[in-house]
Amino acid sequence: MEEVVNTGDAAWMLMAASLVLLMTPGLAFFYGGMSRAKSVLNMMMMSFGAMALIAVIYVLWGWSMSYGSESIGGIFANPFELFGLQGAIYDDEGGFLPGLGNYPQVIDIGFQVTFAIITTALISGALAERVKFGTWMVFVGVWVTLAYFPLAHMVWGGGLLSGSEDSIAAMLFGTVDDGEGGLTAAVHPIDFAGGTVVHINAGIAALVLALIVGKRTGFGKTAFRPHNLPFVMLGAALLWFGWFGFNGGSAFAADGVAGLAWLNTTVATAAAILGWLATERVRDGKATSLGAASGAVAGLVAVTPAAGSLSPVGSIVLGVVAGILSALAVGLKYKFGYDDSLDVVGVHLVSGLWGTVAIGLLGTETGLFYGGDYKQLVIQIVIALVALVFTAIVTAVIALALRPLGWRVSPEDEARGIDETEHAESAYDFATALK
């Protein structure tokens, strides 16, 4: 077996993968607390179901489609090249294949599967309280295959949205010598940890599904209040904690870039909480715990693509704007009539777009505000728009194709409570509690 060259980097990446995996149970608490009492278990099960199914799929064809060498049109890699991770873990001599850092590639595989899981689970927040669990699970398997794996390949696997010589960036601004006898795009798109692959991807999918699946009974007339705000706060805390693996781990080493990502993640999140609470205070006269939790997530989302490219001061600016934008955006569902139940669109799509584009303004090396020219900003806008269009089309096709399975529970079951009708369980034994 090949000896691990840097055990510190290997240990950090294993820890980072574990932190990101924790984010999905954290999301379950966050979304579960925002749901009504009769729907909390179903909401949490949507996260746990995605975690179970995607972990299996990723081993079978997910890694191959995302990071295989046989790219098909720059959109996805051959799912059969490394099917079941054959040829992805060991070399011909039985040693471990090297990863992106000084550690085995099998650690990278573990790290990346957690990204696929959390991205898909994020979408569930737009479908709270009305969707059949079986249809959701079928959607999870199809969507991660047709939307997430291709976008991961396009951005991180050398495809159309990367900095490769065949990418859109190279088509727009030409190529330069990469120093290794090949060519690379003169201006590289930047997505440090998943602005396009994770948040824009999940956010636009959530919007499309909300439109196709339809509104909850009583939307716009009934107050769908969170049933457990401590759950929401706990979920936000677990997400924030896990996000240090999300962003810090994307340095692929225990080094200064990881430290910068950690610091930027902290201050952007803190600033976004302040931005959201200030907006609530001015608009509503009160600053809420739900606002603090939602603001934290908005800041985490915004800094994800930018964590390695901004200064701490720039991250504060990024976070404040993200908090304000998302606090304003969550109300758009009432204006335009789409039932994004738990504000996936307002938080993940809006702050994901802002964080991706803001790199072209606030990036310390190529940003417009730091002496860079317009090219980085243009590239960031382009990759965001391509991700939007690609995922919107793919999600719409999948959602419409699954209509024969039935997306919605019956109106009677929705009124009764989806926990009982879909899972034959209840989160709270009210009858016993009243005795």
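**Entry 1: the second largest pocket**

I began with the second largest pocket, which holds about 380 Å³ of space. This is a predicted model, so I keep that in mind as I write. I counted 20 lining residues here, and those closest to the pocket's centre are Val155, Trp156, Gly157, Asp191 and Phe252.

Next I asked which helices contribute to this lining. At least two residues each come from α3 (105-123) and α4 (133-156). The largest share belongs to α3, with 3 residues.

I then sorted the lining of the second largest pocket by class. My tally reads 12 nonpolar, 7 polar and 1 charged.

**Entry 2: the largest pocket**

I moved on to the largest pocket and noted a volume of about 570 Å³. Its lining is made up of 27 residues, and nearest the centre I found Phe224, Leu290, Lys333, Tyr334 and Asp343. Three elements give two or more residues to this lining: α8 (256-284), α9 (289-303) and α11 (332-336).

Which element gives the largest share of the lining of the largest pocket? I looked it up, and α8 does, with 4 residues.

By class, I have 11 nonpolar, 7 polar and 9 charged residues around the largest pocket.

**Entry 3: side by side**

For my own reference, I put the two class tallies together. The lining of the largest pocket has 9 charged residues, while that of the second largest has 1. For polar residues I wrote down 7 in the largest pocket and 7 in the second largest. The nonpolar entries are 11 for the largest pocket and 12 for the second largest.

Notes: Residues are numbered from 1 along each chain as its sequence is written. This is a predicted model: local features need pLDDT of at least 70, side-chain atom pairs count only at pLDDT 80 or more; totals for chains, interfaces and linings use all residues. Side-chain values use heavy atoms; hydrogens and water are left out. On a 1 Å grid over the protein atoms alone, a cavity is a set of points where a 1.4 Å probe fits but cannot get out, and a pocket is an open set with protein on both sides within 12 Å along at least five of seven lines; lining residues have an atom within 4 Å of a point. Grid points are joined across faces, edges and corners, and a volume is the space filled by probe spheres set on the points. Ala, Val, Leu, Ile, Met, Phe, Trp, Tyr, Cys and Pro count as nonpolar, Asp, Glu, Lys and Arg as charged, and the others, Gly among them, as polar.
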